[in-house]
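Open the model in your viewer and keep the selection tool ready. The tour goes stop by stop.

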Amino acid sequence: MAYRDEAAFDLLVARYQERAYRLAWSILRNAEDARDLSQEAFIRLYQSASSFAGRAKFSTWFYRILVNLCLDHRRKGRGWRLWLRDEPDPDSGESLLDRQPAPFADPVDALGRERTLTKVWAAVDRLAPQQRAAVILQVQEELTTPEIAAVLKCSEATVRVHLHRALRTLKKTMETS
Amino acid sequence: MANHPETELGPYVRGELAPSERERVARHLEACPDCRQDAERVRALLTELGDSVPVAPAVNWGRYRAELRLKLDARRARRRAWWSRPLPLALSASLAGVLLFFAVWSGWRSPGVEPMTPEEAIIGRRLDLLRQYSVVERLDLLEEFDVIRSLDQLAGTQEG
Ligand SMILES: [Zn+2]
């Protein structure tokens, strides 16, 4: 492989590695798998670079490869076991949000809020795969509805329905906890 | 009241609706206390979620890229072995056996990965992206201006 190719690939990896890993981890909730599958997405990218049509945003095209890999992985069931292994017990002191700063001064309120949010994020992980991916792409990656539709290869109307159903479930979780 | 714009409330609070759609939803909210309350709850939930995104465990990026490089080299070596080397039949067969062993072995120990979809492989073949460093650089013009500076540094160190 020519020097220029290597440099171009390295540049892409350096630009997208953190986003790719973070997104994979958000779907898989397992660091080792997130590393593995985000690396696999880069390999797919390398192998299919010539299929990038140039019409879509590059990141949308790359996210599509990555999200498909992650959803396939979880669909096969292996991801679910790993998820169970990694998932914190909502009632224990362990929390996915441990490293988040608590925005409230009142420690009781802050604790209550953190518990609630831990339950809500655990509920995100239990959503149907397309709903979960749509929520993560929206609130974490800050993609717009048309961009999410492009990543998930569905219509904007379908994305709206996914998000509506997901938010309905999450609102219930939030209000009952 | 009929036709509550349930699925539009999220896009509405995020400011994603087209003007005509936005106007229609706004008019509905003025007249429908249920949807108004619902829109506020959606707004609050999206804010809460956005502010509390769980943080992924830290990664050693140098090691990450080294691992990726090894995987890519292994994949390319496997491809070369399959396509381009004329080998005597017996050697080909044993090589296939070895590759099969490694495929099974690596498939067993790493997360299962689907073969590339035809779409991934075929869609365009118009833009030979990774063969052109300049194209990768031009991605800056298409999106994400915030990384240009760090890229320039990166490109500088790689070119130098
Ligand atoms: Zn209404």
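**Chain B, overall.** Select chain B. Take its contacts between residues at least 6 apart in sequence: 36% of them join residues at least 24 apart. Keep in mind that this is a predicted model. Colour by secondary structure next. Chain B shows eight helices and zero strands, so its pattern along the sequence reads α-α-α-α-α-α-α-α. Switch to a surface. The accessible area of chain B is about 10,400 Å², and carbon and sulfur atoms hold 58% of that. Of its 160 residues, 30% count as buried.

**The zinc site.** Select the zinc ion. Which protein atoms act as its donors? They are ND1 of B:His4, NE2 of B:His28, SG of B:Cys32 and SG of B:Cys35. These donors lie 2.0 to 2.3 Å from the zinc ion. Now check the angles. The four donor atoms subtend 103 to 115° around the zinc ion, so the arrangement is tetrahedral; the test asks for all angles between 85 and 135 degrees. Along the chain, the donors follow the spacing H-x23-H-x3-C-x2-C.

Keep B:His4 and B:Cys32 selected. This pair links distant parts of chain B, 28 residues apart. B:His4 sits in the segment before α1 (9-13). B:Cys32 sits in the loop between α2 (19-31) and α3 (33-51). Are the two buried or exposed? B:His4 has 34% relative accessibility, so it counts as partly exposed. B:Cys32 has 4%, so it counts as buried. The cut-off for buried is under 20%.

**B:Asp38.** Move into helix α3 of chain B and pick B:Asp38. Its relative accessible area is 16%, which makes it buried. What does B:Asp38 touch, leaving aside neighbours within four places in sequence? The contacts are A:Lys171 and B:Leu9.

**Two loops in chain A.** Go to A:Glu142, in the loop between α6 (129-139) and α7 (145-152) of chain A. Read off its phi. The value is near 55°, positive in a residue other than glycine. A:Glu142 has 64% relative accessibility and therefore counts as exposed.

Step on to A:Lys153, in the loop between α7 and α8 (156-176) of chain A. Phi is positive here too: about 55°, although A:Lys153 is not a glycine. Its relative accessibility is 46%, so A:Lys153 counts as partly exposed; exposed would need over 50%.

Notes: Residues are numbered from 1 along each chain as its sequence is written. Chains are lettered from A and ligands numbered from 1 in the order in which they are written. This is a predicted model: local features need pLDDT of at least 70, side-chain atom pairs count only at pLDDT 80 or more; totals for chains, interfaces and linings use all residues. Side-chain values use heavy atoms; hydrogens and water are left out. Donors are N, O and S atoms within 2.8 Å of the metal (3.2 Å for Na, K and Ca); water is not among the atoms, so sites may look incomplete. Four donors count as tetrahedral if all angles lie between 85 and 135 degrees; four count as square planar and six as octahedral if opposite donors are over 155 degrees apart and all others between 65 and 115; anything else is irregular. Helices (H or I, at least four residues) and strands (E, at least two) are DSSP runs, numbered from the N terminus. Buried means under 20% relative accessible area, exposed over 50%, partly exposed in between (1.4 Å probe, protein chains only). Contact means heavy atoms within 4.5 Å. Accessible areas come from the Shrake-Rupley method with a 1.4 Å probe; for residues, only the protein chains shown count as cover.
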